[in-house]
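Hi,

Here is the structure I said I would pass on. Have a look at it first, and my notes follow below.

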Amino acid sequence: MSSATLPTVHYFTDLLCVWAWIAQPRVAEAQAQFGDRIRLEQRYLDVFGSAHDKILSRWGQSDGFESFAAHIQEGAAAHDHARLHPDLWTRVRPTSSWPAHLMIKAVTRAAGSSLADEYAAQLRVAFFTRGEDISDDDVLRECLETLTLPVPEIERELFSGQAHADLAADMRAAAAARISGSPTWSLNEGRQVLFGNVGYRVIRANLEEFLGEETSGASWC
């Protein structure tokens, strides 16, 4: 069965979300176990589109960045695979996740979803482990060069507005499904939704249930 005919699972994240960073091994395991039976489509939503406003309004105008930085460091401390760079949000303060999301959409158009997912993973590593500002165009382009992606084709997708249109489609899909947080799994046309720091066994059980319904074509209702 070609990937185009496989049942689709949507996975919504914001690239600057620490919980999506923590969840990356679960996504990789889901791909390894179910990749021949589902098409996992990674999509993006607006959590840190205006990152400074979000953090300062929620965590305080005077020391909001420091408070938020302490919060995410504490949250990640229990996950050995997700150690964070000490400068995140204290010295390294991305203004927005949108530049990274736009570049990922352009990569998807120019090079396909598999390379786009790999590029997104590289951007997460750049921010969370190396402490690089992934709202900076130079950083985004350095990661493109690391993966030897077709920069002229990617730029055409950016300049044409197509990447913007694709990102807008993700935002509309998230709004239509009432998805507002990262990470969120959306299965079975939004009937099954898993939000936040969900363990892999729960993800696996939902994927198995989803595939069982897809196979049988039946419903309890």
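To start with burial: 46% of the 221 residues in the protein chain are buried, where buried means under 20% relative accessible area, exposed over 50% and partly exposed in between, with a 1.4 Å probe and protein chains only. Bear in mind that this is a predicted model, where local features need pLDDT of at least 70, side-chain atom pairs count only at pLDDT 80 or more, and totals for chains, interfaces and linings use all residues. Residues are numbered from 1 along each chain as its sequence is written, and side-chain values use heavy atoms, with hydrogens and water left out.

Overall layout

The protein chain has ten helices and four strands, taken as DSSP runs numbered from the N terminus (helices H or I, at least four residues; strands E, at least two). Read from the N terminus, the order is β-α-α-β-α-α-α-α-α-α-α-β-β-α. The radius of gyration is 18 Å, which agrees with the value near 17 Å for a compact globule of 221 residues; that radius is taken over C-alpha atoms, and the globule rule is 2.2 Å times the number of residues to the power 0.38. Along the principal axes, the C-alpha atoms fill a box of roughly 55 × 40 × 30 Å. Of the contacts (heavy atoms within 4.5 Å) with a separation of 6 or more, 74% are between residues 24 or more positions apart.

The cores

The largest nonpolar core has 52 residues, and Trp 89, Tyr 119, Leu 123 and Ile 134 touch the most other members. By nonpolar core I mean a set of buried Ala, Val, Leu, Ile, Met, Phe, Trp, Tyr and Cys residues joined through side-chain atoms within 4.5 Å. Helices that each supply at least two residues to this core include α1 (18-22), α3 (51-59), α4 (64-77) and α6 (113-128). The biggest giver is α6, with seven residues. As for Trp 89, its contacts beyond four places in sequence include Leu 16, Ile 55, Phe 68, Pro 94 and Phe 127. There is also a second, separate core of 17 residues, with Val 27, Ala 30, Phe 34 and Leu 211 among them.

Helix α8

I spent some time on α8 (residues 151-159), where Ile 154, Glu 157 and Leu 158 are buried. Seen down the axis, the buried residues of α8 fall within an arc of 100 degrees, so they line one face of the helix; the arc is that of the directions from the helix axis to the C-beta atoms. The face turned away from that buried side carries the exposed residues Arg 156 and Phe 159. The cover over the buried residues of α8 includes α5 (98-111), α7 (137-146) and α9 (162-176). Just after α8, Gly 161 has a positive phi of about 90 degrees.

Which side chain of opposite charge is nearest to Glu 157? That is Arg 109, 4.8 Å away, and Glu 157 is buried yet has no salt bridge. Here Lys and Arg count as positive and Asp and Glu as negative, with His and the chain ends not counted. Beyond four places in sequence, Glu 157 is in contact with Ala 106, Arg 109, Ala 110, Gln 162 and Ala 163.

Salt bridges

With a salt bridge taken as a side-chain nitrogen of Lys or Arg within 4 Å of a carboxyl oxygen of Asp or Glu, the count comes to 13. One of them joins Asp 170 to Lys 105, with the closest N and O atoms 2.7 Å apart. This pair links distant parts of the chain, Asp 170 in α9 and Lys 105 in α5, 65 residues apart. Asp 170 is buried at 2% relative accessible area, and Lys 105 is buried at 9%. Both belong to a network of salt bridges with Arg 39, Glu 41 and Arg 43. Another bridge pairs Asp 80 with Arg 83 at 2.9 Å between the closest N and O atoms; Asp 80 is exposed at 62%, while Arg 83 is partly exposed at 46%.

Backbone oddities

The peptide bond from Ser 182 to Pro 183 is cis, with omega near 0 degrees, and Pro 183 lies in the loop between α9 and β3 (184-187). Thr 148, in the loop between α7 and α8, has a positive phi of about 50 degrees although it is not a glycine, and Thr 148 is exposed at 68%. Asn 188 also has a positive phi, about 55 degrees, but Asn 188 is buried at 13%.

Cheers
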